[in-house]
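Here's a quick tour of charged contacts, ring contacts and one loop residue. Have the coordinates open as you read.

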Amino acid sequence: MPVTGPDFISLQVRDLDASQAFYETHLGLVRSPAGPPHAVVFTTTPIAFALRGLLPGTDLDAVAQPGVGVALWLHATDVQAIHAGLVEAGVTVVAEPIDGPFGRTFTFADPDGYHVTLHDRA
């Protein structure tokens with residue numbers, strides 16, 4: 001039986017409440033009523049995106065950047081406006097907006113240091 005593709009993405013975070021607030025406030029994500037108590041699942045489509053508390057033995061402070069080697073891209077409808085809001089809030093922008101094959105694209109660092117790329121072409 002073959003794998004059919006990605007179905008769920010989750011980031012381990014230091015402070016679940018702070019990370020939830022960041023993703024809701026700055027990216028407009030909405031929490032799903034479904035999900036376990038140790039995680040926040042957002043109503044994203046077609047793939048579920050979630051945040052969860054740190055698993056035992058996970059130390060994000062022991063690495064220079066969590067998720068090195070993994071590319072996390074999220075689709076957005078107004079990338080430029082999100083960029084402006086993040087800059088205004090003092091969020092680290094890792095790569096400034098450019099126009100390319102995936103539309104308007106830029107990368108920022110979330111509160112835990114994960115690099116997240118937003119693009120506007122579906």
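How exposed is arginine 14, going by its relative accessible area? Arginine 14 comes out as partly exposed, because its relative accessible area is 38%. Keep in mind that this is a predicted model.

## Arginine 14 and its two partners

Let's stay with arginine 14, since it turns up in two salt bridges. One is with aspartate 61, where the side chains meet at 3.0 Å, N to O. That contact joins distant parts of the chain: aspartate 61 belongs to the loop between strand S3 (48-53) and strand S4 (72-75), while arginine 14 sits in the loop between strand S1 (8-13) and helix H1 (16-27), 47 residues apart. Aspartate 61 is exposed, at 61% relative accessible area.

The other bridge pairs arginine 14 with aspartate 112 at 2.9 Å, again N to O. Here too, distant parts of the chain are linked: aspartate 112 lies in the loop between strand S6 (103-109) and strand S7 (115-119), and 98 residues separate the pair. Aspartate 112 is buried, with a relative accessible area of just 6%. Put the two contacts together and you get a network of salt bridges made of Arg14, Asp61 and Asp112. As a general point, side chains of opposite charge can pair when their charged atoms come close.

## The remaining salt bridge

How many salt bridges does the structure hold? The count is three. Besides the two at arginine 14, there is one between the side chains of aspartate 99 and arginine 104, at 3.2 Å, N to O.

The accessibility values for this pair go as follows. Aspartate 99 counts as exposed because its relative accessibility is 61%, and the cut-off for that label is over 50%. Arginine 104 has a relative accessible area of 23%, so it goes down as partly exposed.

## Rings against rings

Over to the aromatics, where the structure holds seven pairs. One of them brings together tryptophan 73 and phenylalanine 102: the ring centres are 5.2 Å apart and the planes stand at 70 degrees, so this pair is edge-to-face. It also links distant parts of the chain, with tryptophan 73 in strand S4 and phenylalanine 102 in the loop between S5 and S6, 29 residues apart. Tryptophan 73 is partly exposed at 39% relative accessible area, and phenylalanine 102 is partly exposed at 44%.

Phenylalanine 106 and phenylalanine 108 make a tilted pair, with 6.1 Å centre to centre and 40 degrees between the planes. Are these two buried or exposed? Phenylalanine 106 is buried, and phenylalanine 108 is buried as well. Both belong to a cluster held together by ring pairs, which also includes Phe22, Tyr23, Phe42 and Phe49.

## A glycine in a loop

Last stop: where is glycine 90 found? Look in the loop between helix H2 (79-88) and strand S5 (93-100). Glycine 90 counts as exposed because its relative accessibility is 60%.

For a sense of where that is, take valine 63 as a reference. Glycine 90 and valine 63 are 27 residues apart in sequence, and their C-alpha atoms are 22 Å apart in space.

Conventions:
Residues numbered from 1 in each chain as written. Predicted model: local features only at pLDDT ≥ 70, side-chain atom pairs only at ≥ 80, totals over all residues. Heavy atoms only, no water. Helix = DSSP H or I, 4+ residues; strand = E, 2+ residues; numbered from the N terminus. Buried < 20%, exposed > 50% of the residue type's maximum accessible area, 1.4 Å probe, protein only. Salt bridge = Lys/Arg side-chain N within 4 Å of Asp/Glu carboxyl O. Phe/Tyr/Trp six-rings, centres within 6.5 Å; stacked < 30°, edge-to-face > 60°.
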